[in-house]
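Please read the points below beside the sequence and the model. They are set out as separate remarks.

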Amino acid sequence: MDKDKAEGIVEELTGKTQEAIGEALGDTEAQIAGTARELSGKARQLYADTTSIVRDKTVSSPFSALAIMAFVGFVLGVMWSDNRSPRANPRSARTNDQV
């Protein structure tokens, strides 16, 4: 078992316990903190599972992983480029009286 997944399970169980104690004592702050800790533990487990899947797929087919990462990089580059700024296209920033 991955270290992050084990820590996520412990954090989730701690959050559930804290939430139950807060509910028994009528302490809403403890309930909210317990719920937050529980969700944090679930997120850590999801992260561990996702990294494990990506690692396994990358080892089994490295060229496919390279192609996917190149495509993701291209899409992010297109999204981050600001084609609407005047510096990106100086002709579009001109008005009729400047011609």
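1. Gly22 is buried, at a relative accessible area of 1%; buried stands for under 20%, exposed for over 50%, and partly exposed for the range in between, with a 1.4 Å probe and protein chains only. Gly22 belongs to helix H1, where helices (H or I, at least four residues) and strands (E, at least two) are DSSP runs numbered from the N terminus. Apart from neighbours within four places in sequence, Gly22 has contacts with Asp27, Ala30 and Gln31, a contact being heavy atoms within 4.5 Å. Between Gly22 and Gly34 the C-alpha to C-alpha distance is 7.9 Å, at a sequence separation of 12 residues.

2. On provenance: this is a predicted model, in which local features need pLDDT of at least 70 and side-chain atom pairs count only at pLDDT 80 or more, while totals for chains, interfaces and linings use all residues. Residues are numbered from 1 along each chain as its sequence is written, and side-chain values use heavy atoms, with hydrogens and water left out.

3. The chain has 3 helices and 0 strands, and its elements read α-α-α from the N terminus. Of the 99 residues, 13% are buried. Among contacts with a separation of 6 or more, 49% are between residues 24 or more positions apart.

4. Helix H2 deserves a geometry check. Its 33 residues should span 48 Å at 1.5 Å a residue, and the end C-alpha atoms are 48 Å apart, so the two values agree; the expected span is 1.5 Å times one less than the number of residues. At the N-terminal end of H2, Asp27 acts as a cap, with a side-chain oxygen 3.3 Å from the backbone nitrogen of Glu29.

5. Which residues of H2 are buried? They are Ala30, Gly34, Glu38, Gly41, Gln45 and Ala48. These buried residues of H2 pack against H1.

6. Side chains of opposite charge can pair when their charged atoms come close. The structure contains 5 salt bridges, each defined as a side-chain nitrogen of Lys or Arg within 4 Å of a carboxyl oxygen of Asp or Glu. In one of them, Asp49 and Lys5 meet at 2.8 Å, N to O. This pair joins distant parts of the chain, since Asp49 is in helix H2 (residues 28–60) and Lys5 in helix H1 (residues 3–25), 44 residues apart. Both side chains belong to partly exposed residues: Asp49 has a relative accessible area of 31%, and Lys5 has 24%.

7. Glu7 and Arg44 form another salt bridge, with 2.9 Å between the closest N and O atoms. Here too distant parts of the chain are linked, with Glu7 in helix H1, Arg44 in helix H2 and the two positions 37 residues apart. Glu7 is partly exposed at 31% relative accessible area, and Arg44 is partly exposed at 32%.

8. Arg44 also takes part in a salt-bridge network with Glu7 and Glu11. Glu11 lies in helix H1 and is buried, at 19% relative accessible area. Its side chain makes a polar contact of 2.9 Å with that of Ser40; a polar contact is a pair of N or O atoms within 3.5 Å, where within protein one must be able to donate a hydrogen and the other to accept it, and residues adjacent in sequence count only if both atoms are side-chain atoms. Beyond neighbours within four places in sequence, Glu11 is in contact with Arg37, Glu38, Ser40, Gly41 and Arg44.

9. Within helix H1, the side chains of Lys16 and Glu12 form a salt bridge at 3.7 Å, N to O. The two residues are 4 apart in H1, which means a separation of about one helical turn. Is each partner buried or partly exposed? Lys16 is partly exposed at 40% relative accessible area, whereas Glu12 is buried at 13%.

10. The accessible surface of the chain is about 8,100 Å², and 61% of this belongs to carbon and sulfur atoms; areas come from the Shrake-Rupley method with a 1.4 Å probe, and for residues only the protein chains shown count as cover.

11. A nonpolar surface patch is formed by Ile68, Met69, Phe71, Val72, Phe74, Val75, Leu76, Val78, Met79 and Trp80, with about 1,100 Å² of accessible area together. Patches consist of residues with over 30% relative accessible area and no salt bridge; like charges are joined within 9 Å, and nonpolar side chains (Val, Leu, Ile, Met, Phe, Trp, Tyr) within 5 Å. One of the patch residues, Leu76, is in helix H3 (residues 62–80) and is partly exposed, at 31% relative accessible area.
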